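Open the model in your viewer and keep the selection tool at hand, as this tour goes from one selection to the next and says what is to be found at each stop.

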Amino acid sequence: MSAVVGEHHDDHHHGPAKGLTRWIFTTNHKDIGSMYLWFSFIMFLIGGSMALVIRAELFEPGMQIVVPGFFNQMTTMHGLIMVFGAVMPAFVGLANWLVPMMVGAPDMALPRMNNWSFWILPFAFTLLLSSLFMEGGAPNFGWTFYAPLSTTYAPPSVTFFIFGVHMMGISSIMGAINVIATILNLRAPGMTLMKMPLFVWTWLITAFLLIAVMPVLAGVVTMMLMDIHFGTSFFSAAGGGDPVLFQHVFWFFGHPEVYIMILPAFGVASQIIPTFSRKKLFGYPSMVYATASIAVLSFIVWAHHMFAVGLPLAGELFFMYATMLIAVPTGVKVFNWVSTMFRGSLTFETPMLFAIAFVILFTIGGFSGLMLAIAPVDFQYHDTYFVVAHFHYVLVPGAIFSIFAAAYYWLPKWTGHMYDEALGKAHFWLSFIGLNMTFFPMHFVGLAGMPRRIPDYAMQFADFNRISSMGAFLFGVTQLLFLFIVLKCIRGGKQATAQVWEGAEGLEWTLPSPAPYHSFTEPPQVK
Amino acid sequence: MLSRRRLMALALPCLAVPVFTHADWQVNMTRGVTDISESVFNLHMTIFWICVIIGIVVFGVMFWSIFAYRKSKGAKPAQFHESTTVEIIWTIIPFVILIGMAIPATGTLMKMYDTSDSELDIKITGYQWKWRYDYLKDDFGFFSTLATSQDQIYNKDQKGDHYLLEVDEPLVIPVNKKVRFLVTANDVIHSWWVPDLAVKRDAIPGFVNEAWAIVKEPGIYRGQCAELCGKDHGFMPIVVKAVSDQEYQEWVLAKQEQARQEYELKNKQWTLQELVDRGEQVYLKNCAACHQASGEGLPPAFPALKGSAIATGPIENHINTVLHGVSGTAMQAFGPQLSEVDLAAVVTYERNAWGNNKGDMVTPQEIAEKK
Amino acid sequence: MTSDNTSAGQSSNRKVVVWALGIVVGMFGFGFALVPLYEVFCQVTGLNGKTGGRYEVSTTVQVDESRQIRVQFLTNTNENMPWQFKPLVREIKVHPGEQMKVEFYAKNTTGEMMVAQAVPSISPSEGAEFFHKTECFCFNQQILQPGEDINMPLIFLVDKDLPEGLHTLTLSYTLFDVTERTTKTKS
């Protein structure tokens, strides 16, 4: 540990150390943020490759490429890796880079814990991925791992999966505590809570969600572990337990988790849209209140994932009404973004394109979400491709597009170079086309009756599945272009100014580009 | 530029895939054949159109802003950035719309939950990976398994019209009667779903759920398991055959007659040859998919039976394997699935086919004692 | 305030860490507390059709002669549980408040001693809290020797407060093989 402390003090005065040890021992928020982002991108490619295996198998009816058992491993691992390995670490990476710069702090409040919370992740995911090579294969029970399929009927690798989830959970919790401490303790003088940029606000709320629900996830996998190895029966009816209890506890974590993945995206959009509209964000306070009320509501809607398990009528009604209520604050956010653009002075650089696509496509995902909330109709939608279409519309153009938008928006600040605008736009349009080709037809096959998580399907679903698969490959290959753009931008390009974007506001734009190793050694004054 | 060229190279053959052979471009939910499914459909369409209208308004303003307030056209940004009145208005309007949606939804849901006064009760049990239907009043039941051949699934044979949506024995119900489904499961959670009936209920081991339907038109309605239940989750379809009341009564009588015959068969004195003949049929229907008609199997997953240690070894072992399966392999327990007669026949057949010529046999009565 | 190296900054950071960890530990505990909470919730609302434990009949139970409830009995065996298990009567009609006795038949068809546990479930679940068992074979595990069979009693009554809309209650028993589980915990 003394090495870490020593390194930390050196950093303070001389900038980054050289070589590999810089990355292993670093306590610098920018280094750690970059590692989080790279890690998340690698996971995005791995999880994406699994999605392509799935789409290749579903290209036409019949079993061609994989066997059904392996197909289930692919859907499970794709879900777990994208949720816990790609989206969540990407947002933690953005928080690391941006929160200190936005609140006028020199670094994160707890830099050594920051190092730990990142370095747990590669181990957690190595553990998870290694299960692919184990006897019996990787987890194959879906990313929602419903008991008893994930307990009594699980492959032996489930134990490694459980430890992997514990490690990810610890990492997320440490990351969240760090964000809270930074925001509460290290704000520059004059930066009151209601003056904080929305990205900071949404992350503060997300961090509270994380520390509230990640322990519940840890609890539920611990119960699984005990059922599997210590003879308890939390989820087995034979010993007085109940498999439905698993679903209740899981979704008590799972629904807030959905907002953990989307609230920071709201924050990103709320930074970018005003910049390229050259107009202040419309309704800042209502944006903050809307975010907070979405977070609060997320705790009382979990059972809308379980309308078909046989809840009593009163339960169905309560969860239906509560879920519909979420449409109100979400609507407020969309209206505010549109009003920000209204009568602005708009330009359409790559971050803005991604942000606009985010608003439109996320809203479409919101509409299908509203439809899914209607309990009697949900009996027809539940566990079909309509649901798959819905959550991919909120996660891909929602979470992932906002991450791309953020990357393009802040890359000049991070690297000191402008990215290649033409390539950025190509990346946007190819992604936009690919994603709609992939996920829009899924609405149709879902409504027509195709269940999710099946490796083969009836003939009438063939055409739309073929389109989906082609779209998926287009989307997947396009992401290599993003890698190329980022590498090119790191290596060189037009020198970026401190301001970078004409309409940008906020403390991070007062720092030179690239931002110095330690953000604000002297606290800035906020008016 | 390399990545772009590579992209073209990959995209072109994809686009060149010429034919959409299976043209069935159903894009919407089925209207179904029950009053409930119809009100579900109407609810779905109502909410869909409300969403479309909201979408047109919101995206309309957005696209207008995108076209009219471009900097390149010299737009100067306005200064406004808040208005409490506007915020209140667009909190209240969605709220009112939502109440408008919730009222009909509540009504439909309450109808769905009214399972009283059923005329026919059927217990549905989900198994890995098939369904079992038990007609409670008439005291008989049967398994319903996928009828699509492995050859079709593995592209060795032309796929039929109802590929993956056909079963050996459908659930038969009378039209215009309230049929109550009591849904449970034997192993993991399954979900029984027939879109035309708008019925989807999770089948949970140890617990019983219920749903109901009054089918208005005779016909064949197909559905699938809707909850991930392991390897063959995609291969356990549901077929419901709705028939007139008279036809239904006849079918019940035939079923009961069949059960009686089964019972008599069980107690009759079987000869080796009779068992082998019957066993061949049972084998082709239940075993040949994996072990092949030739008995040579598809090693290593599906071992050969021809000359195998089990089929030519002690008969006790052979019977146990067929009755209870082999855990950790694809070999299922056939004991609960087949009748005593069929079990006796298939074991006897396997011991005397393909040159296995053991010359021994097992009678249905002996199976019944072990079962 | 500006850096974690100042003592003021460190102590306020420590404060945040302490209460945040408090939330974390609390929520971890809450996850486990959901298990008993769920039990209570199920019993109050009848969620999932779980029935309560042994019911003590008060001597003053009145029988509601004005209506009859159809009680239907279902039996299932879980997984490869080989026992025969069936109700001796498929359904009976009872007046609310009236005590009834029915029997279930079970036979161990294997050549091994086996232990079984029956798990009850009521549908519709709204009826679960109004179905009282004063005596039930599901309160205990059943141990049967090879080839042994048994008639197992259930004495129950339907509460006279059963909602008017309910005319049929379905009581389902699923028989689980717990031989391994019980022998493992004993050894």
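Begin by selecting B:Asp35 and B:Lys216, which form a salt bridge whose closest N and O atoms are 3.1 Å apart. Please keep in mind throughout that this is a predicted model.

Next, colour chain B by its domain assignment, which gives domain 1 (35–112), domain 2 (120–259) and domain 3 (269–370). The salt bridge you have just selected leads to the boundary of domain 1 of chain B and domain 2 of chain B, across which the rule finds two salt bridges. If you now look for polar contacts between these two domains of chain B, the count is four residue pairs, both residues of each pair being at pLDDT 80 or more.

To see which elements take part, select helix 2 (35–68) and helix 3 (84–112) of chain B, the elements that give two or more residues to the side of domain 1 that touches domain 2. Helix 2 of chain B gives the most to that side, with five residues. By class, the residues on this side of domain 1 of chain B divide into three nonpolar, one polar and three charged.

Now show all of domain 1 and domain 2 of chain B together, and note that their C-alpha centres lie 40 Å apart. Seven residues of domain 1 of chain B are in contact with five residues of domain 2 of chain B, and the two domains bury about 470 Å² between them, 47% of it on carbon and sulfur atoms. Within domain 1 of chain B, pick out B:Asp35, B:Ser37 and B:Met112, since these lose the most area to domain 2, together 64% of what that side buries.

For the second part of the tour, select chain A and chain C, where 45 residues of chain A are in contact with 35 residues of chain C. Chain A and chain C bury about 3,200 Å² between them, with 69% of it on carbon and sulfur atoms. Label A:Asn185, A:Ala238 and A:Pro312, which supply 17% of the area that chain A buries against chain C, more than any other three residues.

How many salt bridges does the rule find across the interface of chain A and chain C? The rule finds zero there, although five residue pairs, both residues at pLDDT 80 or more, are in polar contact between chain A and chain C.

Finally, highlight helix 1 (2–14), helix 6 (158–185), helix 7 (198–229) and helix 8 (243–277) of chain A, the elements that give two or more residues to the side touching chain C. The largest share of that side, ten residues, comes from helix 7 of chain A.

Terms used:
Residues are numbered from 1 along each chain as its sequence is written. Chains are lettered from A and ligands numbered from 1 in the order in which they are written. This is a predicted model: local features need pLDDT of at least 70, side-chain atom pairs count only at pLDDT 80 or more; totals for chains, interfaces and linings use all residues. Side-chain values use heavy atoms; hydrogens and water are left out. Contact means heavy atoms within 4.5 Å. Buried area is the accessible area (1.4 Å probe) that two parts lose on being put together, summed over both. A salt bridge is a side-chain nitrogen of Lys or Arg within 4 Å of a carboxyl oxygen of Asp or Glu. A polar contact is a pair of N or O atoms within 3.5 Å; within protein, one must be able to donate a hydrogen and the other to accept it, and residues adjacent in sequence count only if both atoms are side-chain atoms. Helices (H or I, at least four residues) and strands (E, at least two) are DSSP runs, numbered from the N terminus. Domain bounds come from an automatic or database domain assignment. Ala, Val, Leu, Ile, Met, Phe, Trp, Tyr, Cys and Pro count as nonpolar, Asp, Glu, Lys and Arg as charged, and the others, Gly among them, as polar.
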